[in-house]
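Okay, thanks for making time, everyone. Let me put the structure up and then walk you through it piece by piece.

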Amino acid sequence: MAGKIEARLQDLAITLPTANKAVANYVPYVMSGNLIHVSGQITMLNGELKYIGRLGENLSVEDGIAAARLCGLNLIAQVKNALDGDLDRITRVVKLGGFVNGTPEFTDQPLVINGASDLMVEVFGDQVGQHARAAVGVASLPLGISVEIDGIFEFA
């Protein structure tokens, strides 16, 4: 029987992507105590890079929001892997750390990272999905991507 979060994903017409494998010397997530620390998730959808470029240069705020949402979906996919498929075990989205590849003049990093923050509340609800957060502008990101987000999740 599907859990509550799986049912919510279905109601929202959200299909989680395949969890990305590590591409360097790290692991996708580490479980410590009752926390899952998920490595930075990029704008990769089932093996294909999306949203390449810089905000304020060749990508709009709307593109950035979509890129952050994709990073959020990848975070949830990693957590689902960590919990052997049982997303109902998540008791709190603790923190997201968002990195936005933008021009020096670009200052809408918080709006961009809302793409992932809004997704967490949509999927897990207000009580579990609201979280602490950072939204940081950077001069570049790996592979030329526009957004990367890492996260910490609490589970039972």
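Let's start at Asp84, in the loop between H2 and E5. Bear in mind that this is a predicted model. What is the sign of phi at Asp84? Positive: the value is near 50°, and the residue is something other than glycine. Is Asp84 buried or exposed? Its relative accessible area is 74%, and over 50% counts as exposed, so Asp84 is exposed.

There's another residue to look at for its phi, and that's Tyr51. You'll find Tyr51 in the loop between strand E4, residues 48–49, and H2. Tyr51 isn't a glycine, yet its phi is positive, at about 50°. Its relative accessibility is 30%, so Tyr51 counts as partly exposed.

Okay, on to the sheet. In what order do the strands run? The order is E1-E2-E7-E5-E6, which makes an open sheet of five strands, and the pairing is mixed. At the edges sit E1, residues 29–32, and E6, residues 132–138, and each of them pairs on one side only. From one strand to the next, the twist averages 10°.

A quick reminder for anyone new to this: strands of a sheet pair through backbone hydrogen bonds, either parallel or antiparallel.

Now let's go through some of the pairs. E1 pairs with E2, residues 35–41, in the antiparallel sense, over four bridges. If you want a spot to click on there, Met31 has Ile36 in E2 as its bridge partner. Next, E2 and E7 are antiparallel too, over five bridges, and here Leu35 stands opposite Glu154 in E7. Then how many bridges join E5 and E7? Nine, again in the antiparallel sense. Look for Phe99 in that pairing: its bridge partner in E7 is Glu148.

So what packs on this sheet? Let me take the helices. H2, residues 61–82, lies across E1, E2, E5 and E7, and it runs at about 35° to E7. For your notes, E5 is 90–101 and E7 is 147–155. H3, residues 109–129, packs on the sheet as well, touching E5, E6 and E7. The direction of H3 makes about 170° with that of E5.

How do H2 and H3 meet? Their axes come within 7 Å and cross at roughly 45°. That angle makes H2 oblique to H3, and the crossing is right-handed. Among the residues meeting there are Gly64, Ala68 and Gly72 in H2, and on the H3 side, Gly115, Ala116 and Met120 are included.

Now for the inside. The largest nonpolar core has 36 residues, and those with the most contacts inside it are Phe124, Ile149 and Phe153. Which elements feed it? H1, residues 4–11, supplies at least two residues, and so does each of E2, H2, E5, H3 and E7. The largest share is nine residues, and it comes from H2.

Let me zoom in on Phe153. Setting aside residues up to four places away in sequence, Phe153 touches a list that includes Leu35, Ile36, Val38, Leu75, Val79, Val93 and Met120.

Right beside Phe153 in the numbering is Ile152, which lies in strand E7. Is Ile152 buried or partly exposed? With 22% relative accessibility, Ile152 counts as partly exposed, because the cut-off for buried is under 20%. Apart from residues up to four places away in sequence, Ile152 touches Leu35, Ile36, His37, Val93, Val94 and Lys95. For a sense of scale, the C-alpha atoms of Ile152 and Asp11 are separated by 25 Å, and these residues are 141 apart along the chain.

Last stop: Gln41, in strand E2. Its relative accessible area is 4%, so Gln41 is buried. Who does Gln41 contact, leaving aside neighbours within four places in sequence? Among them are Asn20, Pro28, Cys71, Asn74, Gln78, Glu148 and Ile149. And the C-alpha of Gln41 is separated by 9.4 Å from that of Ala68, 27 residues apart along the chain.

That's my tour. Happy to rotate the view if anyone wants another look.

Note on methods: Residues numbered from 1 in each chain as written. Predicted model: local features only at pLDDT ≥ 70, side-chain atom pairs only at ≥ 80, totals over all residues. Heavy atoms only, no water. Pairing = 2+ DSSP bridges. Axes fitted to C-alpha atoms, helices over the stretch in contact; angles between N-to-C directions. Contact = heavy atoms within 4.5 Å. Core = buried A, V, L, I, M, F, W, Y, C linked by side-chain atoms within 4.5 Å. Buried < 20%, exposed > 50% of the residue type's maximum accessible area, 1.4 Å probe, protein only. Parallel < 35°, antiparallel > 145°, perpendicular 65-115°, else oblique. Left-handed = near helix turned anticlockwise from the far one by under 90°.
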